[in-house]
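Me: I have a chain open on my screen and would like to talk through how its labels are earned. Could you walk me through the reasoning?

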Amino acid sequence: MSTAIQWVRSLIFNVQMYLAMLVVGVIYTPAAIISADGAVAACHAYCRYIRWSAGWMIGLKCEIRGEPPTDEVMVAPKHQSFLDVLMIYGAMPRGKFIFKAILKYAPIIGQFGLRIGCIPVDRGKRGQAIKKMVADVKAGRARPGQLIIYPQGTRIAPGVKAPYKIGTGALYRELGQPVVPVATNVGVFWPKRGIMRKSGTAVFEFLPRIEPGLDVGDFMRRLEHDIETASDRLNKEAGFDG
């Protein structure tokens with residue numbers, strides 16, 4: 001298939017992806033108002049739809065490896081594109097994200113995100129943000145679920161090295177929960193910016209848990225090693241040569 005045809009298919013896919021978000025949001029709004037379970041159902045329905053539509057519209061399949069958690073844990077994924085947000089959330093029964101505070105004002109995403117228990121954080125004030133993040137998470141622990149935090153804080157392209165932020169370590173120390181790292185190669189097919197989406201198989205791999213009790217420094221080193229090593233392996237599997 002030519003690059004031009006794939007670009008057109010990608011454009012159509014991108015447009016319908018956001019239209020579908022609007023449709024799902026409207027359909028599920030009454031259920032989401034009545035119960036947070038309605039918002040969770042909406043998010044899972046959207047994740048399933050995007051996985052299905054990506055498969056036949058742009059030839060991008062999604063594969064989940066490892067064992068997605070179902071209990072109360074922290075989940076620390078590699079973040080490369082919007083698709084990893086959807087696939088990782090869709091693989092678990094009750095995910096809730098630590099997300100940028102500005103996103104709570106985004107149409108549909110913000111309202112449904114808050115309804116499923118996501119926790120907004122102002123990253124512009126680092127020290128205050130970490131304290132507020134820990135306090136907000138502790139205050140919300142009565143609501144069961146899997147707390148998802150991106151340890152690098154933003155999307156990072158394959159092959160690019162970026163620091164792991166201490167906020168994940170602070171939550172690990174304060175909450176005393178196991179942490180499930182997640183590796184991916186989705187950025188090889190779905191880049192951080194641009195319209196083009198490549199065909200292939202994007203893999204999302206849930207790695208072995210890191211149990212509580214480590215020193216924060218040791219935890220951060222272990223987390224980075226596990227995620228980066230596995231993601232590099234998946235990148236090579238997808239044909240990325242760095």
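**A residue in a loop**

Reply: Happy to! Let's start with Ile108, which sits in the loop between β3 (95–100) and α4 (109–115). Bear in mind that this is a predicted model.

Me: What makes the phi of Ile108 worth a remark?

Reply: Phi of Ile108 is near 65 degrees, a positive value, and the residue is not a glycine. Most residues other than glycine have a negative phi.

Me: Why is Ile108 called partly exposed?

Reply: The relative accessible area of Ile108 is 22%. Buried means under 20% and exposed means over 50%, so with 22% Ile108 falls in between and is partly exposed.

**Two cysteines**

Me: How do you know that the disulfide count comes to zero?

Reply: A disulfide needs a pair of cysteine sulfur atoms within 2.5 Å, and by this rule the count is zero. Take Cys43: the nearest cysteine sulfur belongs to Cys47 and is 6.7 Å away, so Cys43 is in no disulfide. Seen from Cys47, the nearest cysteine sulfur is that of Cys43, again at 6.7 Å, and Cys47 is in no disulfide.

Me: And why are Cys43 and Cys47 called buried?

Reply: Cys43 has a relative accessible area of 18%, and the limit for buried is under 20%, so Cys43 counts as buried. Cys47 has 5% relative accessibility, so Cys47 counts as buried by that cut-off too.

**The whole chain**

Me: Let's zoom out. Which helices and strands does the chain have, and in what order?

Reply: There are seven helices and seven strands. Starting at the N terminus, the order is α-α-β-β-α-β-α-β-α-β-α-β-β-α.

Me: What makes the chain as compact as a globular protein of that length?

Reply: The radius of gyration is 18 Å, and the globule rule gives 18 Å for 242 residues; the two are close, so the chain is as compact as a globular protein of that length. Along the principal axes, the C-alpha atoms fill a box of roughly 50 × 45 × 35 Å.

Me: How much of the chain is buried, and how much area does it expose?

Reply: Of the 242 residues, 50% count as buried. The chain exposes about 11600 Å², with carbon and sulfur atoms supplying 61% of that area.

Me: What share of the contacts between residues at least 6 apart in sequence joins residues at least 24 apart?

Reply: That share is 75%.

Me: Last one: how many positive and negative side chains are there?

Reply: The chain has 32 positive and 19 negative side chains, and the centres of the two sets lie 8 Å apart.

Technical notes: Residues numbered from 1 in each chain as written. Predicted model: local features only at pLDDT ≥ 70, side-chain atom pairs only at ≥ 80, totals over all residues. Heavy atoms only, no water. Helix = DSSP H or I, 4+ residues; strand = E, 2+ residues; numbered from the N terminus. Rg over C-alpha atoms; globule rule 2.2 N^0.38 Å. Buried < 20%, exposed > 50% of the residue type's maximum accessible area, 1.4 Å probe, protein only. Contact = heavy atoms within 4.5 Å. Areas by Shrake-Rupley, 256 points an atom, 1.4 Å probe, with all protein chains shown as cover. Lys, Arg positive; Asp, Glu negative; His and termini not counted. Charge placed at Lys NZ, Arg CZ, Asp CG, Glu CD.
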